[in-house]
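Open the model in your viewer and keep the selection tool at hand. Each stop below says what to select and what is there.

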Amino acid sequence: MSSTGLAWLLLFVFLSLKSLSRPVYGALANAMVFFASPVFWWYGGGLLTSLTMRWSLVGAGVLIVANLVHWESRPVPTPQSKRLLRLFALIALNAFIVHSLLADYPKESSKVFDILWKGCLASAFVYFSIRSEEDLELFLFAIVVGCGFAGYQVVIGGQGSIEGGRLEGFSFPGAQGSNGGSTVLSLGLPLAGYFIISMRNRWFVIGSLVCAPLILETVLRCNSRGAYLGLAAAGITVMLLSHGVARKRAMALIAIGGFAILTMAQNDAIWERFNSIFVSEEERDGSASERLLYWEAAIEMIGDYPLGSGGEAAFTSPRG
């Protein structure tokens, strides 16, 4: 086992044991498996994957046990929390009914349903794990560190490869390649911005300042138009929702981020792809045109089968 693999295992065991005294550490262990699963990164060969290939299941188990141990001390439910938990339950129930009664391709639909109900259950237990504002910030910072870890592995560790002008060859559970990977990484930048703007914890600020350039560089290598639009929307949202000193800091941070993008985005392919978002129909490339066709097909399918067809699996079914 490599030193990185050994460090990963020791940290996971440490967080798992700590979760028995404070449930949020179970959420951190679960986040660690998502962002740094041995199944998806180079250090996973040998002992780690020979122990199990189902580290996501192990992480979920740690999260559930941590909450069950401290179930009696969980916060008193509020009307907002009750609505959130009911929403998770209704999403999972709705997916079950559609999969069981309406799916046109049950074999593929079962995979979609399996991911969805597990995601709802994990989200509920993450919610139970966060019992204070300090817990919430710790969990959000773990997301920044997770994204920064992925950025480090790509930018410095050489993970992945450029194919067709875009970064491929790296994965998270349920999110692969340039599009899926950049979607996950794009979450890290606004959160890093929050810690820098709020300045509530200097270690979180320092960690965010270290992680942000690695995350941004990786997003630029992914060259995803969706990620670019998402980050632009995030910046606008931060500006609109911040006030006073926080708004001044947000403006300064966005200006620095813009300068960083201009400095780091030296590849012409990045600007060509970004500018292609705004071109006319005649100039639109095949990828963008295909997405519009997919959406038109999806709208048509929803109109013909409004009760559902089995989630995204419907597109690989005869009906799709």
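Select K111 in this predicted model. K111 has a relative accessible area of 47%, so it counts as partly exposed. Now add E108, which forms a salt bridge with K111; their closest N and O atoms are 3.2 Å apart. E108 is also partly exposed, at a relative accessible area of 24%. Both residues belong to helix α6, where they sit 3 residues apart, about one turn of the helix. An α-helix has 3.6 residues a turn, so residues three or four places apart point the same way. Side chains of opposite charge can pair when their charged atoms come close.

**More salt bridges**

How many salt bridges does the structure hold? The count is 8. For another of them, select R200 and E137, whose side chains meet with 2.8 Å from N to O. R200 is in the loop between α8 and α9 (202-222), while E137 is in helix α7, so this pair ties together parts that are 63 residues apart in sequence. E137 has a relative accessible area of 9%, and is therefore buried.

Next, select D135 and R22. Their side chains meet in a salt bridge of 2.6 Å, N to O. This pair links distant parts of the chain: D135 lies in helix α7 and R22 in the loop between α1 and α2, 113 residues apart. Is D135 buried or exposed? D135 counts as buried, because its relative accessibility is 5%. R22, with a relative accessible area of 24%, is partly exposed. Add E134 to the selection, and you have a network of salt bridges that links R22, E134 and D135.

**Helix α1**

Select residues 3-18, which make up helix α1. At 1.5 Å a residue, its 16 residues should span 22 Å, and the end C-alpha atoms are 22 Å apart, which agrees. Colour G5, W8, L9, F12, L15 and S16, the buried residues of α1. Looking down the axis of α1, you will find the buried residues within an arc of 130 degrees, so they line one face of the helix. Then colour S3, L10 and L17, which are exposed and lie on the face of α1 turned away from its buried side.

**Helix α2**

Move on to residues 24-36, helix α2. Here 13 residues should span 18 Å at 1.5 Å a residue, and the distance between the end C-alpha atoms, 18 Å, agrees. How many of the 13 residues of α2 are buried? The number is 12, so the helix is largely enclosed by the rest of the structure. Among the buried residues are V24, Y25, G26, L28, N30 and F35. To see what surrounds them, show α1, α4 (55-69), α6 (106-129), α7 (133-155), β3 (171-172) and α8 (177-198); the buried residues of α2 pack against these elements.

**Aromatic rings**

A search of the whole structure finds 17 aromatic pairs. Select F34 and F172 for a stacked pair, with 5.7 Å centre to centre and 10 degrees between the planes. The two rings come from distant parts of the chain, F34 from helix α2 and F172 from strand β3, 138 residues apart. F34 counts as partly exposed because its relative accessibility is 27%, whereas F172 is buried, with a relative accessible area of 0%. Now compare the pair F125 and F128: the ring centres are 6.0 Å apart and the planes stand at 75 degrees, so this pair is edge-to-face. F125 and F128 both lie in helix α6, 3 residues apart. F125 is buried at a relative accessible area of 12%, and F128 counts as buried at 18% relative accessibility. To finish with the rings, select F34, F35, W41, F149, F170 and F172, which form one aromatic cluster.

**Cysteines**

A disulfide is a covalent bond between the sulfur atoms of two cysteines. How many disulfides does a search of the whole structure find? It finds 0 disulfides. Select C211 to check one case: the nearest cysteine sulfur, that of C147, is 8.5 Å away. C211 is buried, with a relative accessible area of 10%.

**Last stop: A314**

Select A314, in the segment after α13 (286-304). A314 counts as buried, at 1% relative accessibility. Which residues does A314 touch, not counting residues up to four places away in sequence? They are M301, S309, R319 and G320. Finally, select Y105: its C-alpha is 6.5 Å from that of A314, although the two residues are 209 residues apart in sequence.

Technical notes: Residues numbered from 1 in each chain as written. Predicted model: local features only at pLDDT ≥ 70, side-chain atom pairs only at ≥ 80, totals over all residues. Heavy atoms only, no water. Helix = DSSP H or I, 4+ residues; strand = E, 2+ residues; numbered from the N terminus. Buried < 20%, exposed > 50% of the residue type's maximum accessible area, 1.4 Å probe, protein only. Contact = heavy atoms within 4.5 Å. Disulfide = S-S within 2.5 Å. Expected span 1.5 Å × (residues − 1). Arc of directions from axis to C-beta. Salt bridge = Lys/Arg side-chain N within 4 Å of Asp/Glu carboxyl O. Phe/Tyr/Trp six-rings, centres within 6.5 Å; stacked < 30°, edge-to-face > 60°.
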